[in-house]
Amino acid sequence: MQTVEDLRSVCRALPHSLETFPFDDVTLVFKVGYLSKSKMYALTDVTADPLRLSVKVPPERGEELRAEHPGHIVPGHHLNKRHWVTLTLDGSLPAELVKELLRGSYLLVARGGFTKAERRELGLPDAL
């Protein structure tokens, strides 16, 4: 997984996933929710080479990932360093790991960012 289209393909398969450019013309933000209420679960600079992807993780998982993949997984760039990591998508990380982290970020945000009633209304899954 090394291209923006690869990321879009994974994210489009997630219920109520939205693509937005809220900051500028190059920062693609993936959100879960609906137009009036949505929460960011991933972002990337579409012009970066290699592509970098920031996702949300539990703090202990972030520490583990950074230790296992030094230089390829680092604290989240311009984000809360305890809760976000930035992945360098240059082919060094297994595609399945990137997909797992992207889906995990989606679930983490979906569970924490919405009430039980909102999750039910949106049909958000408890697991993927």
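**Exercise 1. Determine whether F30 and Y41 are buried or exposed in this predicted model.**

*Solution.* Step 1. The criterion for a buried residue is a relative accessible area under 20%. Step 2. Y41 has a relative accessibility of 0%, and it therefore counts as buried. Step 3. F30 is buried as well.

**Exercise 2. Classify the aromatic pair that F30 and Y41 form, and state which strands it ties together.**

*Solution.* Step 1. The search of the whole structure yields two aromatic pairs. Step 2. In the pair of F30 and Y41, the distance is 6.3 Å centre to centre, and the angle between the planes is 40°. Step 3. Planes under 30 degrees apart count as stacked and those over 60 as edge-to-face, with the rest counted as tilted. The pair of F30 and Y41 is accordingly tilted. Step 4. F30 belongs to strand β2 and Y41 to strand β3, so the pair ties together parts that are eleven residues apart in sequence.

**Exercise 3. Classify the pair formed by the rings of Y41 and Y106, and locate both residues.**

*Solution.* Step 1. The ring centres of Y41 and Y106 are 5.3 Å apart. Step 2. Their planes stand at 85°, so this pair is edge-to-face. Step 3. Y41 lies in strand β3, whereas Y106 lies in helix α3, so the pair ties together parts that are 65 residues apart in sequence. Step 4. Y106 counts as buried because its relative accessibility is 0%. Step 5. Taken together, F30, Y41 and Y106 make up one aromatic cluster.

**Exercise 4. Describe how strands β1 and β2 are arranged, and find the residue in β2 that stands opposite E19.**

*Solution.* Step 1. Strand β1 covers residues 17-20 and strand β2 covers residues 27-34. Step 2. The two strands pair in the antiparallel sense, over four bridges. Step 3. With six residues between them, β1 and β2 form a hairpin. Step 4. The residue opposite E19 is F30, which is also a member of the aromatic cluster.

**Exercise 5. Identify the residues with the most contacts inside the largest nonpolar core, and the element that gives the most to this core.**

*Solution.* Step 1. The largest nonpolar core comprises 31 residues, and Y41, L53, L87 and L102 have the most contacts inside it. Step 2. At least two residues each are supplied by α1 (4-12), β2, β3 (37-45), β4 (51-56), β6 (84-89) and α3 (95-113). Step 3. Helix α3 gives the most, namely eight residues. Step 4. In soluble globular proteins, nonpolar side chains tend to be buried together. Step 5. For L87, contacts beyond four places in sequence are with L51, R52, L53, H72, I73, L93, V98 and L101.

**Exercise 6. Establish where S105 lies and which residues it touches, apart from those up to four places away in sequence.**

*Solution.* Step 1. S105 is part of helix α3. Step 2. Its relative accessible area is 0%, so S105 is buried. Step 3. Beyond four places in sequence, S105 touches Y41, V55 and K56.

**Exercise 7. Characterise the chain as a whole by its elements, its compactness and its surface.**

*Solution.* Step 1. The chain contains four helices and six strands, in the order α-β-β-β-β-α-β-β-α-α along the sequence. Step 2. Its radius of gyration is 14 Å, close to the 14 Å from the globule rule for 128 residues, so the chain is as compact as a globular protein of that length. Step 3. The C-alpha trace spans about 40 × 35 × 25 Å along its principal axes. Step 4. Of the 128 residues, 42% are buried. Step 5. The accessible surface is about 6,800 Å², and carbon and sulfur atoms account for 51% of this surface.

Technical notes:
Residues are numbered from 1 along each chain as its sequence is written. This is a predicted model: local features need pLDDT of at least 70, side-chain atom pairs count only at pLDDT 80 or more; totals for chains, interfaces and linings use all residues. Side-chain values use heavy atoms; hydrogens and water are left out. Two strands pair if DSSP finds at least two bridges between them. A nonpolar core is a set of buried Ala, Val, Leu, Ile, Met, Phe, Trp, Tyr and Cys residues joined through side-chain atoms within 4.5 Å. Buried means under 20% relative accessible area, exposed over 50%, partly exposed in between (1.4 Å probe, protein chains only). Contact means heavy atoms within 4.5 Å. Rings of Phe, Tyr and Trp (its six-membered ring) pair if their centres lie within 6.5 Å; planes under 30 degrees apart count as stacked, over 60 as edge-to-face and the rest as tilted. The radius of gyration is taken over C-alpha atoms; the globule rule is 2.2 Å times the number of residues to the power 0.38. Accessible areas come from the Shrake-Rupley method with a 1.4 Å probe; for residues, only the protein chains shown count as cover.
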